[in-house]
Amino acid sequence: MGTKVSLEDKFQAYVDAENRVEPKDWMPEKYRKTLIRQISQHAHSEIIGMQPEANWITRAPSLRAKLILLAKVQDEAGHGLYLYSAAETLGEPREKMIADLQSGKAKYSSIFNYPTPSWADMGTIGWLVDGAAIQNQVMLTRTSYGPYARAMVKICKEESFHQRQGYEVVMKLAQGTPEQKAMAQESLNRWWWPSLMMFGPSDDNSPNSEQSMKWKIKRKSNDTLRQEFVDKTVPQAEYLGLTIPDADLKWNEERGHYDFGEINWAEFYEVIKGNGPCNKERIAHHVKAHEEGAWVREAANAYAKKQADRASNDASAA
Amino acid sequence: MSHKHVGSLHAADAEMAIKNARDVYTRRSEGISIWVVPSEEITASSPDEKDPLFTPSDDKVYRHPTFYDIPDDVENM
């Protein structure tokens, strides 16, 4: 008198018990596909995210600032590589992921489609954009897919310097001359709302979220993470004497959280669709680097083949 | 020297793999030595097989010194 338990039910029970799903485990095809999409887009975000910051490496105001910015951008490259490796455990080749990015089929975090016209942006990005990323990534250290969760642990450890680097830059400006403080404020004015948009659509407009939460890929909702971020960041801005560009921002004693204004969702969807200020530039730059670097890949492979052929010829001659 | 698995990467050959591993996996002074192995050369047991593979060791308690009752008066043992 046994009941037939489907593979899906078994999988759900396994996930409900807070077990980690590993590459060789059976998993629903939708689970595999949604994770390939999420992890590869996370990887793309890291790589594309190198561009707005690399913009200032040659013009950093001091050697120390240049060294630190170089290290941060180098970290982003490394993070992208960890994530491509994690996505590959699900059976998707890296070449396909990169092709999808370059064709526009795959997405990446909308925040990186904004330009970085001032040095202050190097601070604001570290403070707000990495700050928001940390919020999301700490949550993902508890995601159900093992390789993704472990990549997140490593990334979170490295990410904490990024936020502090950013805040230090903003602090120096905010505590500097009136012009420097104005530069910091102007930068904050441009990055605040896009940073809030990083957490995605509001919960009731996020159709993928429910299944994602059920499979414990996502552990906290978009709105929850967004609220946590606002609550943490407002005092950080107040400490610097900077004003967050939201007239509706107000502490709500009853809720124990900050109330904040409505996000411009039209802008969010336009940027996601490809109509943000830098979308075309970001992909064009990526394609250019890929094409101009092709000779390096070809040379490396040719050399490796030559060495391998030489070794096997020596072995058979001996 | 024990080595810990830290991840995977792509490279044209073993020498580039070591260099890439240094760049990708040791930015926080994580180690003093790197091994790289082509993934096709790895044969791995599955975590699912943990029980049949390792249970026989678990019930051989006589492999542990604490299994034996040696009187306290006996020294150097």
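What follows is a chat between a student and a tutor about the contact of two chains and some ring pairs in a predicted model.

Tutor: Some housekeeping: residues are numbered from 1 along each chain as its sequence is written, and chains are lettered from A in the order in which they are written. The model is predicted, so local features need pLDDT of at least 70 and side-chain atom pairs count only at pLDDT 80 or more, while totals for chains, interfaces and linings use all residues.

Student: What makes A:E158 and B:R27 a salt bridge?

Tutor: The rule wants a side-chain nitrogen of Lys or Arg within 4 Å of a carboxyl oxygen of Asp or Glu. For A:E158 and B:R27 the closest N and O atoms are 2.8 Å apart, so the pair fits the rule. Across the interface of chain A and chain B, the rule finds 3 salt bridges.

Student: Which elements give two or more residues to the side of chain A that touches chain B?

Tutor: Those are α3 (63-88), α4 (94-103), α6 (146-174) and α12 (294-317) of chain A, with helices being DSSP runs of H or I of at least four residues. The largest share, 8 residues, comes from α3(A).

Student: How many residues does each chain put into the contact?

Tutor: Chain A gives 19 residues and chain B gives 13 residues, counting heavy atoms within 4.5 Å as contact. The two chains bury about 1300 Å² between them, meaning accessible area (1.4 Å probe) lost on being put together, summed over both. A:K24, A:Y82 and A:K154 supply 26% of the area that chain A buries against chain B.

Student: Why is the pair of A:F11 and A:Y31 called edge-to-face?

Tutor: Rings of Phe, Tyr and Trp (its six-membered ring) pair if their centres lie within 6.5 Å; planes under 30 degrees apart count as stacked, over 60 as edge-to-face and the rest as tilted. A:F11 and A:Y31 are 4.9 Å centre to centre with 70° between the planes, so they pass on both counts. A:F11 sits in helix α1 and A:Y31 in helix α2 of chain A. Ring pairs also link A:F11, A:W26, A:Y31 and A:W215 into a cluster.

Student: Are A:F11 and B:F67 buried, partly exposed or exposed, and how do you know?

Tutor: Buried means under 20% relative accessible area, exposed over 50%, partly exposed in between (1.4 Å probe, protein chains only). A:F11 has 4%, so A:F11 is buried. B:F67 has 47%, so B:F67 counts as partly exposed.

Definitions and conventions. Heavy atoms only, no water.
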